Amino acid sequence: MLIGNRVKYLGIVFGVVFAALLIAQQSSIFCGIMLLTIGQIRDVEGPGIWVMDRNVEFIDDIKPMSDTDLFRVKGVKGVDWAVAFYKGLVRARMEKGDFHQVILLGIDDATLIGAPEGLFMGTLSDLRTPEAVIMDDAGYARIWPGEPFVLGKVFEMNDHRAVLVGITKASRTFQSFPIIYTRYSQAVLFAPSERKVLSFVLANPKPGIPAEDVCRTITTSTGLQALTRDQFMKKTIRHFLMKTGIPVNFGITVMLGFLVGTAIAGQTFYLFTIENIKQFGALKAMGTSNRTILLMVLSQAVQVGIVGYGVGVGLAALFGWGTRGLTKLAFFMPWQVLVLTAVAVFLIILLASLLSIRKVLVVDPAIVFRG
Amino acid sequence: MTLFDPVDALSETDVAVRVRGVTKEFGSGDWLTKALRGVDLDVPYGALLMLVGPSGCGKTTLVSIVAGTLQATEGEVIVLGKDLAAMKSSQKVRFRRDNVGFVFQSYNLLPALTVVENAAVPLIIAGWRRSHAIEAASEILDQLGLGNRMTSLITELSGGQQQRVAIARALVHEPRLLVCDEPTSSLDAENGRITLELISKIAVQPDRAVIVVTHDSRVYDFADQIASMEDGQIKSVRDCRTNACKNPPLENS
């Protein structure tokens, strides 16, 4: 019946599409932002354990430890190896005198554990040369916009000369600053002088020993906080979820999409029902049971929901695909977003059809005999 | 002109519809409206009865009660041997589905469906397989001269054609009682006559009965009986098989 009224049909579909699009798109951007917060943890693929000060809450929450803590961790039973890792925000002075805030990562001098993968200019071994640094491509484009990628560029950090020897693709960070990789010993020089400089200890458990068990042993023996890679990612995300307004802001937008979608779909569905109430009455007069009428209304609602969901999620995906290289918009659509949107659309069509269902169920079949 | 005594004219086995002392009230207190005030009426098998009378006299209320879509406040309503007052709501739904055909004033066809699908609706409601229902609907549409419009949408038909689809829909499941509410009111004179001709030709059978609510005096000559209502009561029932009913026209109709 509903498909016969094209305007109403499209109106309801539009309501559902609008809601599905907004919910899927905003949730995907939210997930993208959450992904940014753990970008640097994901990029460090080798070690399974991150050791840090017990008060650290997320990856950017640096509370330096003593250099001796590295050796304490190395001495814990079950630890296969452990290396130092520096992370800090420093100011870089470019050739022309302009300054840029950059994220400085210092990786183990000997093993280069924590180094970026996917260098597309230069080689990782060049990092062993004095003053050498590697920069991410997005950071390069930010510092030298419009310029082609060129190695050998020179700049200063903390009055120390740095030479660009490689360019890599790194995950973007929440702070969106350029990322600079160097050796730990070099990073200490580039960073402002502090009594303690060790940000993290990256470690790995011995083969056959679960990382969780080793983390517990490290914490017990050293008093430091030790987390597996997954645990640290979850802790970081939890921090942004609980301690920032990001989820609330996105939640409001998602809720608005839900409410507006429900209102449009519900109102149109109800109007459609009112306009066709005599047809429903005629069906009831002819002996259609309430159960069949209910199934009719619900099946139409479900059909609208499926079309609206498909188009809405499709448009959201198209948006993500279309903007992937054009803007700095974070966009990540995991399966959970699809499930969340499906649940929301189901609720929308359920709410939208509830009023209509009530109306058609109580309609008196004798209505068909009234002029 | 013969005037029946509606109570004693027919034996119980001859009547498709027997209404005795039926009243119907709407509202309560100061807003109480008595739509029917003790109606007695028999509709014999094989007859087409026209229910006529001025607007607001209770025709629609009576036909709604007879069709089982409205509950009488008091009185006895026996349709095809079944006491409607004693039926539960779900039983009435099944009774209507199996035994009653409807032709409505405004057709109430489903615009999203084709002609043949509309005509097949009662069979589909009754649980027929779709292909069988479509086949049966095609046959009756052929009889009604719509064989070439099977796959048309309802909106592509004229008013007369739409009413013929409605008749096909009302008759496709071979109901034993056909209830028509002002079937010619939206049609011009010629289409009105054609519609009544079709109804009387196809629907009036020895084991069936037809009730037509109408204001249209031009179609009175298709009636076997004309029951005239006024102020919630049957004033007279005229037998047209023995007397012409159209001349002189019935008062107030």
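Me: Leaving aside neighbours within four places in sequence, which residues is Asp137(A) in contact with?
Reply: Contact means heavy atoms within 4.5 Å. By that rule, and without its neighbours within four places in sequence, Asp137(A) touches Phe120(A), Phe149(A), Ile167(A), Thr168(A), Lys169(A) and Ala170(A).

Me: What kind of model is this?
Reply: Residues are numbered from 1 along each chain as written, chains are lettered from A and ligands numbered from 1 in written order, and side-chain values use heavy atoms, without hydrogens and water. Local features need pLDDT of at least 70, side-chain atom pairs pLDDT 80 or more, while totals for chains, interfaces and linings use all residues, as the model is predicted.

Me: Is Asp137(A) buried or exposed?
Reply: Buried means under 20% relative accessible area, exposed over 50%, and partly exposed in between (1.4 Å probe, protein chains only). Asp137(A) has a relative accessible area of 14%, so Asp137(A) is buried.

Me: What polar contact joins the side chains of Asp137(A) and Lys169(A)?
Reply: A polar contact is a pair of N or O atoms within 3.5 Å; within protein, one must be able to donate a hydrogen and the other to accept it, and residues adjacent in sequence count only if both atoms are side-chain atoms. For the side chains of Asp137(A) and Lys169(A), the distance is 2.7 Å.

Me: How many residues of chain B are in contact with chain A?
Reply: Chain A brings 18 residues to this contact. On the chain B side, the count is 24.

Me: How many salt bridges are there between chain A and chain B?
Reply: A salt bridge needs a side-chain nitrogen of Lys or Arg within 4 Å of a carboxyl oxygen of Asp or Glu. Between chain A and chain B the count is zero.
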